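Reader: I am new to this structure and would like to understand how its descriptions are reached. Could you take me through the reasoning, one step at a time?

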Amino acid sequence: MLSKNTAEAAFRGNCKMNRDLRLKPFHVGSHQGHRYVINIEDMETHSIDEKTAELLWQLLDNGDSFWKSPNIEPLKTLGLLSNKRKHAARKRPKDPVPIINAAFFLTQSCNLRCVYCYGAGGEYGHKGNMAEKTAFQAVDWLIEQSGKVKKIQIGFFGGEPFLNFPLMKKIVDYARERTHAVQKDVGFYATTNGTLLEKEQIDFIQDHKIWVMISFDGPREIQDAQRPFSGGKGSYDAIVPKIKHLLAIRPETPGHAVIMGDTDPRVIKESLREIGFANVSISPASDCMLTCDAKKPNSGRNLRNVFKTLEEEADTWLTGIKTRDTQTLEELKKSSNLYHGLIVFAHNRKKIFPCGAGLGFVGISSTGDVYLCHRFVGMDAYRLGNIFDGHMDRDDFLESPTAFVKECNNCPARYFCAGGCKYDNAASTGSVFKPPLEMCHLCRQGFELGAYVSSRLDREDRTFLREERIVPPKFCPLDF
């Protein structure tokens, strides 16, 4: 169990000394000669002139005396800073956090051999299929864990989940029956490589409203090199016709690509659009923590082209908004990694946890073991319990990393990424709580460019974005 992991315990112990550090209340940024300030606690951004930027820097240099300085009063009048500090609730919740979302590992096997696979060829250290008894118990366990929450989510994962399609169908029927009996709702989703999407599977997806994401890495040469079949043959030509069949019925289906080395994200996105994907996302490959037969990616990731793409997208966003180019903005909304940064400032949204791992979301292995998330399946150090014994040990994950991780504690983007992906952290640095430097830089870049674009918008721009539904209305999500 993670609580017994000496490396993690030592890391958390060393972090305790940072809990009382004075948090910086704002951040001054600049892009292409434009100055802006971010009120970190309020997640607001404002355009400022050079004189105001100098004043803010002077105040920041005063450290603990910042809030006592007489120079702060003009900034309050300008609306640049709140009259009182508002800190996010970052402490451990008093009541148990309900688990409402679980990735069911229908099989721990795969017909592809992706070179960056973090699951050891999809086997996650223990090859096998989930039994019907285990699957039904997992449904009952999730219903119980969800407490008073009225809707649960079940994900079909692997390996390649459609290798165990018969069980998937049984789970859908059983989960609907059981949730109806206790007056709850259930939603389903699946992550698939697309190799097994025949008519029967696609009809099932459509009939049962299963949200599906396709893992596909782009052009033929990249897809075939990074995601070959287990025998070594390229997979592009076999999968693309099946993807197009699904998209003809479910055009909103997203495609997600993993990039390695210094691959240009623009090339990947354009290739996925040519196939027919309207919704596209990309992420850099993580290191593999399990014993992998495939070649592991180099932990020294080259994100040069990712940074360049973000900067270009910032300019495209700003131009599109100012010229009221709705078509371009709709395309950006579906594929731009910068969209999250714009929403954060449009909604003044703060994250205190990077994701639901160990909180509202877990991964359940084919044998019924419960893990921190789907990426940790097969790793004993991150096993939280088992669906058959009911015991769960997840106390280490109920406190926000922004409260004690020194890399986060005084970072202006602490409420933007809230500590980063736990798996990527562990694979890169050895601790789920210590983010790798290159990913910190990437998150901060998205945060600052989102603030830059947002600070350039006037009231008419914001109204336009709301009326065209480029930016949705503010809502109150359950913040995990």
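Reader: Why is Cys110 too far from the closest cysteine sulfur for a bond?

Author: In this predicted model, the sulfur of Cys110 lies 6.1 Å from the closest cysteine sulfur, which belongs to Cys114. A disulfide requires the two sulfur atoms to be within 2.5 Å, and therefore the pair formed by Cys110 and Cys114 is too far apart for a bond. Cys355 is likewise in no disulfide, with the sulfur of Cys373, the nearest one, 6.4 Å away. By this rule, the count of disulfides comes to zero.

Reader: What makes Cys110 count as buried, and what does Cys355 count as?

Author: The word buried is kept for residues under 20% relative accessible area, and Cys110, at 18%, therefore counts as buried. Cys355 has 32% relative accessibility, so this residue counts as partly exposed, a class that lies between the 20% and 50% limits. For the chain as a whole, buried residues make up 56% of its 480 residues.

Reader: Why is Ser455 called buried, and which residues is Ser455 in contact with?

Author: Ser455, which is placed in helix H16 (residues 437-455), has a relative accessibility of 9%, and because the limit for buried is under 20%, Ser455 falls in that class. Leaving aside neighbours within four places in sequence, Ser455 is in contact with His34, Tyr36, Thr45, His46 and Ser47. In addition, a polar atom of the Ser455 side chain lies 2.8 Å from the backbone oxygen of Tyr452.

Reader: How do you know that Met43 is buried, and what is the sign of its phi?

Author: Met43 has a relative accessible area of 0%, and therefore counts as buried. Its place is in the loop between strand E2 (34-39) and strand E3 (44-48). Phi of Met43 is near 50°, which is a positive value in a residue other than glycine. A positive phi is also found for Arg469, near 60° and again in a residue other than glycine, and Arg469 is placed in the segment after helix H17 (459-467).

Reader: What makes Val149 partly exposed, and where in the chain is Val149 found?

Author: Val149 is found in the loop between H4 and strand E7 (151-157). Its relative accessibility is 26%, and because partly exposed covers the values between the 20% and 50% limits, Val149 counts as partly exposed. Not counting residues up to four places away in sequence, Val149 touches Pro98, Ile100 and Lys184. Val149 and Lys184 are 35 residues apart in sequence, yet their C-alpha atoms are 7.9 Å apart in space. Across the chain, residues 24 or more positions apart account for 72% of the contacts with a separation of 6 or more.

Reader: How is the packing of helix H4 and helix H5 described, and what handedness does their crossing have?

Author: Two packed helices are described by the angle between their axes and the distance between those axes. Helix H4 (residues 132-145) and helix H5 (residues 165-181) pack at an angle of about 35°, with their axes 10 Å apart, and the crossing of H4 and H5 is right-handed. Among the residues making this contact are Phe136, Val139 and Ile143 of H4, together with Leu167, Ile171 and Tyr174 of H5. By class, the contact of H4 with H5 has eight nonpolar, one polar and four charged residues.

Terms used. Residues are numbered from 1 along each chain as its sequence is written. This is a predicted model: local features need pLDDT of at least 70, side-chain atom pairs count only at pLDDT 80 or more; totals for chains, interfaces and linings use all residues. Side-chain values use heavy atoms; hydrogens and water are left out. Buried means under 20% relative accessible area, exposed over 50%, partly exposed in between (1.4 Å probe, protein chains only). Helices (H or I, at least four residues) and strands (E, at least two) are DSSP runs, numbered from the N terminus. A polar contact is a pair of N or O atoms within 3.5 Å; within protein, one must be able to donate a hydrogen and the other to accept it, and residues adjacent in sequence count only if both atoms are side-chain atoms. Contact means heavy atoms within 4.5 Å. Axes are lines fitted to C-alpha atoms, for helices over the stretch in contact, and angles run from 0 to 180 degrees between N-to-C directions. A crossing is left-handed if the near helix is turned anticlockwise from the far one by less than a right angle, and right-handed if clockwise. Ala, Val, Leu, Ile, Met, Phe, Trp, Tyr, Cys and Pro count as nonpolar, Asp, Glu, Lys and Arg as charged, and the others, Gly among them, as polar.
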